[in-house]
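Visitor: I would like to learn how to read a model like this one. Could you walk me through it?

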Amino acid sequence: MQSNISVSQSAVAGNMFIFNLTYVKPILEVEKMLPAHISYLEENYNAKKFICSGRKNPRTGGVILCNCATKQEAEQIMEKDPFFKENIAQYEIIEFIPSK
């Protein structure tokens, strides 16, 4: 039986991970760490690890779409985020297997 699901070559390379960030510190502390967080994002976009990212609306945190091979790799990437290191945000990592 043939499947009607099409999978792109980039999706076959690994699973995808959603980083769901929820701020646990006041927005003023978030703002102080924002330049370092933006540098972290750029580093991972340049490494082709991040697909997209953005703030939640209302501004209670953010979301990052990460492409890597394993959950362990995703956790290692997450642990380098200044928001994580400075306890600015709590993280939930959601793993999924892209189908298209």
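Visitor: In what order do the elements of the chain run from the N terminus on?

Guide: In this predicted model, the order is α-β-α-β-β-α-α-β. That comes to four helices and four strands.

Visitor: How much of the chain's contact pattern joins residues at least 24 apart?

Guide: Taking contacts between residues at least 6 apart in sequence, 72% join residues at least 24 apart.

Visitor: And which residues touch the most other members of the largest nonpolar core?

Guide: The general idea comes first: in soluble globular proteins, nonpolar side chains tend to be buried together. Here, the largest such core has 20 residues, and Phe 19, Phe 50 and Phe 83 touch the most other members. At least two residues of this core come from each of β1 (15–23), α2 (27–46), β3 (61–68), α3 (71–78) and β4 (89–96). Across the chain, 34% of the 100 residues are buried.

Visitor: What is Phe 50 in contact with, leaving aside its neighbours within four places in sequence?

Guide: Its partners include Phe 19, Tyr 40, Leu 41, Ile 64, Leu 65 and Ile 77. Cys 66 is another of the contacts of Phe 50.

Visitor: Why is Cys 68 in no bond with the closest cysteine sulfur?

Guide: In general, a disulfide is a covalent bond between the sulfur atoms of two cysteines. The cut-off here is a pair of sulfur atoms within 2.5 Å. The closest cysteine sulfur to that of Cys 68 is in Cys 66, 3.8 Å away, so the pair is too far apart for a bond. By this rule the chain has zero disulfides. Both cysteines are buried: Cys 66 has a relative accessible area of 0%, and Cys 68 has 2%.

Terms used
Residues are numbered from 1 along each chain as its sequence is written. This is a predicted model: local features need pLDDT of at least 70, side-chain atom pairs count only at pLDDT 80 or more; totals for chains, interfaces and linings use all residues. Side-chain values use heavy atoms; hydrogens and water are left out. Buried means under 20% relative accessible area, exposed over 50%, partly exposed in between (1.4 Å probe, protein chains only). Contact means heavy atoms within 4.5 Å. A nonpolar core is a set of buried Ala, Val, Leu, Ile, Met, Phe, Trp, Tyr and Cys residues joined through side-chain atoms within 4.5 Å.
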